[in-house]
Amino acid sequence: MNDGSGGELPIPADSQLKRDMPLVPADSIAGRALVVVIAIMTFLACLTAVGALLIAEASQGWRADVSREVTIQIKPHPGEDVQALVSKATEVAARSSDVADVHALSKSESEHLLEPWLGQGLDLSQLPIPRLIVVHMQTRQQSDLESLRAALTEAVPQASLDDHALWLSRLDTMADVIVIFAAALFVLMIIAMATAIGFATRGAMAGNREIIEVLHFVGAEDRYIARQFQTHFMRLGLRGAAIGGSAAAILFLAASLFSALSYSSAGGREIAALFGAFSLTAGAYVAIFVICAAIAALTGLLSRQIVFNHLRELA
Amino acid sequence: MLCFENVGLRYGMGAEVVGDLNFSVDPQSFQFLTGPSGAGKTTILRLMLLSLRPTRGTIQIFGEDASRLDKDVITGFRRRIGVVFQDFRLLDHLTTYENVALPLRVMGRNEASYRAEVVELLDWVGLGDRKNALPAVLSGGEKQRAAIARALIARPELLLADEPTGNVDPAMAKRLLRLFVELHKSGTAIVIATHDLALMDQFGYARRLVVGDGRLTVYDAETA
């Protein structure tokens, strides 16, 4: 033996010498199981988070669309030329600078609206079916509505203006409930995920107690041991989170593609109206990235804490 | 270097496993810790390694009261102590070379700076051609030699060995003991726990710390 300085002996040029194995086994059954658990939990957390974002964005879209739409209704009375009143009301609405678009529903379109209740093939010509004019406002300002209402009352007294306030307030409530529900689901998902990852990390760490003890007895500092495990488990967490996050992103991309292809169908349009076009915004990608990074950090920090607890027991 | 005064240890509310331990280990001394199986040899070694805290008495180590040491100081002291465990405690995923180099690696030394020392020591203990072997494919004797090499590689001031020749043939046992003797000559204090009388008889100059019924009696070399 030499004096321990390492300077007296030539350094063997042994290219076959295996000497770079990490102190914590890189590949183990418990480690692979942890990666699988993290991947699944990340996938579910990303689905919940991005789903909540999509619903929130879609509900903003509904509210904006519906709140800018008002309806002029003209009830037919005997002796009056309803078509002339409709034309006049349309003209008054179109003249308003606050109105973006006006569309008067034809008699057949109005009758078509009743088909779901009365059935097809009926002669509705004898019924006094009100005529509707759909008006899209530039903005949802109460003052704009009031000036339009005043102009209509003056020009066409038989017309009434419905601003859908009651239905709109119900829609607002429903959209808020859906968004709050999605947010609550996401919080529950995060708690479940943190718990599951905590248990899985503890399980994977259990097999490494021997390593911690040996490192402890050969003079490794607690910080050194903790760093080895934190790095190892953070890598496992990153691998699992990357798999789960990528799977979620791919799923949403596929859903976006499917949604775009099926947009021409009636069902596709309804789905797009309810949930948007499934297209991931930059915010959704950021959310997936943040979830993946947080999960990897959580796994690393948990393993560090477990190492310190075990070292405290040893001491 | 190491001094036990009225040291006793009990687990929970049970009877004392060892008690009234009064002895010291001087620098550059050589002693056997002996006694029947289950007498408490391993427990005393663990007390020396500070991996167990006594329930009474005081342990002085390297001139410090062990009960007042903080963790960093204990870690520093452990780097001055080499230990051979009875069950070897080699890390299964590391090669023989990496296991032996472990004490130097955790000190933060560059791998190139200790490669030659580790390779030389592996050659000395007869594991020169097993450098890349994992513990799973080593025989019991080879594991024991690797464990001994790991304990010696940092040239400790105190070496604690628990049955270090229990799994090797007499020729290899003699060779390993020569290693302990050389280490002793270079200034390391040696404590070898064993119940092998033939082994102890080869070292008439060594003290014997005899454990029986949880008590320890010191027989100096002259009276042994």
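Q: A crossing of two helices is right-handed if the near helix is turned clockwise from the far one by less than a right angle, and left-handed if it is turned anticlockwise. In this predicted model, is the crossing of α3(B) and α5(B) left-handed or right-handed?
A: Helix α3(B) passes α5(B) in a right-handed crossing. Helix α5 of chain B covers residues 140–152.

Q: What makes α3(B) and α5(B) roughly parallel to each other?
A: The two helices pack at an angle of about 30°, with their axes 7 Å apart. Angles under 35 degrees count as roughly parallel, and therefore α3(B) and α5(B) are described in that way.

Q: Which residues of α3(B) and α5(B) meet?
A: From α3(B) come B:Thr96, B:Asn99, B:Val100, B:Leu102 and B:Pro103, and from α5(B) come B:Ala146, B:Ala149 and B:Arg150. By class, the residues of this contact are five nonpolar, two polar and one charged.

Q: Which residues have the most contacts inside the largest nonpolar core?
A: They are A:Val50 and B:Ala149, in a core of 117 residues. Helix α1 of chain A, residues 29–67, gives the most to this core, with 15 residues. Apart from the largest core lies another, of 17 residues, including A:Leu148 and A:Val156.

Q: Which residues does B:Ala149 touch, leaving aside those up to four places away in sequence?
A: B:Ala149 touches B:Val100, B:Leu121, B:Leu122, B:Val125 and B:Leu127. Of these partners, B:Val100 is also one of the residues of α3(B) that meet α5(B).

Q: Why is B:Phe88 called buried?
A: A residue is buried if 20 or more other C-beta atoms lie within 10 Å of its own. B:Phe88 has 21 other C-beta atoms within 10 Å, so B:Phe88 is buried. B:Phe88 lies in the loop between β6 (81–84) and α3 of chain B. Its phi is near 65°, a positive value in a residue other than glycine.

Q: How do you know that B:Gln28 counts as partly exposed?
A: Exposed means 12 or fewer neighbours, buried means 20 or more, and partly exposed is in between. B:Gln28 has 13 C-beta neighbours inside 10 Å, so B:Gln28 counts as partly exposed. You will find B:Gln28 in the loop between β2 (16–25) and β3 (30–34) of chain B. B:Gln28 has a positive phi of about 60°, although it is not a glycine.

Q: What makes A:Thr71 partly exposed?
A: The same cut-offs apply: partly exposed is the range between 12 or fewer and 20 or more. A:Thr71 has 15 C-beta neighbours inside 10 Å and therefore counts as partly exposed. A:Thr71 is found in strand β1 (residues 69–74) of chain A. Not counting residues up to four places away in sequence, A:Thr71 touches A:Leu132, A:Ile133, A:Val134 and A:Asp162.

Q: How many residues does each chain bring to the contact of chains A and B?
A: Chain B brings 32 residues and chain A brings 26. Helices α2 (71–78), α3 (96–106) and α4 (111–124) of chain B each supply at least two residues of the side that touches chain A. The most comes from α4(B), with 10 residues. That side of chain B has 14 nonpolar, six polar and 12 charged residues.

Q: How many helices and strands does chain A have?
A: Chain A has nine helices and four strands. Buried residues make up 29% of its 315 residues.

Notes. Residues numbered from 1 in each chain as written. Chains lettered and ligands numbered in written order. Predicted model: local features only at pLDDT ≥ 70, side-chain atom pairs only at ≥ 80, totals over all residues. Core = buried A, V, L, I, M, F, W, Y, C linked by C-beta atoms within 7 Å. Contact = placed C-beta atoms within 7 Å. Nonpolar A, V, L, I, M, F, W, Y, C, P; charged D, E, K, R; others polar. Axes fitted to C-alpha atoms, helices over the stretch in contact; angles between N-to-C directions. Parallel < 35°, antiparallel > 145°, perpendicular 65-115°, else oblique.
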